[in-house]
Amino acid sequence: MSDATVDEEEVEEKKPSKLPMIIGVVLALAGGGGGFFAVQSGLLGGGSDSEKHDSSAEAHAEETVETAPLPDVSFIEVPQLVISLGPKAQASHLRFRASLEVPKNYTTEVESILPRVQDVLNSYLRALDPRDLEAPGALIKLRGQMLRRIRLVAGEGRVSDLLVLEFVLN
């Protein structure tokens, strides 16, 4: 009998209470959250002195400096292109949509050659190897190449930029 009571006591001693750990975690989270709130709301710290001076300098700058006017441009939407990719590609199609940033005085001229722009984009995208489309950072390189080709078709100075609105491989 004495052996049975000793075994029960050992079993009871092996189960430490988890209550102190739970209370500690809850208090740590509450303290962290409270500290974050106090700093963000300005109750503690209130931001550095440089931030305070920066905000007053910004307010003063807004009063004295006029903002530069936006460039006089218009945006011409290029109709959506759907390019079928080869059998080696992970995706079967590329859906591409873009806008051209054009100085206002060239808007009608660029709109009149929009089919030619579509053709050059379609031809370029179809000629690409599927790995070129799927590579990391591919969109930046492709965008530069497409803009160069569009400028060749439209004439120098007529297209300021190419804005890629949709580039989806599916």
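**Exercise 1.** Decide whether Thr 107 is buried or exposed.

*Solution.* Thr 107 has 14% relative accessibility, so Thr 107 counts as buried. The cut-offs: buried is under 20% relative accessible area, exposed is over 50%, with a 1.4 Å probe and protein chains only. Next, place the residue. Thr 107 lies in helix α4, residues 107-112. Helices are DSSP runs of H or I with at least four residues; strands are E runs with at least two. Now list its partners. Beyond its neighbours within four places in sequence, Thr 107 touches Ser 74, Ile 76 and Val 102. Contact means heavy atoms within 4.5 Å.

This is a predicted model: local features need pLDDT of at least 70, side-chain atom pairs count only at pLDDT 80 or more, and totals for chains, interfaces and linings use all residues. Residues are numbered from 1 along each chain as its sequence is written, and side-chain values use heavy atoms, without hydrogens and water.

**Exercise 2.** Work out which strands stand at the edges of the sheet.

*Solution.* Start with the order. The open sheet has 3 strands, β1-β2-β3, with antiparallel pairing. Two strands pair if DSSP finds at least two bridges between them. β1 (73-84) and β3 (161-169) each have a single partner strand, so they stand at the edges, and one side of each lacks a neighbour in the sheet. Now check one pair. β2 (residues 93-103) and β3 pair over 8 bridges. Arg 97 stands opposite Glu 166 in β3.

**Exercise 3.** Find which strands helix α5 touches.

*Solution.* Helix α5 (residues 114-127) packs on the sheet and touches β1 and β2.

Definitions and conventions
Axes are lines fitted to C-alpha atoms, for helices over the stretch in contact, and angles run from 0 to 180 degrees between N-to-C directions.
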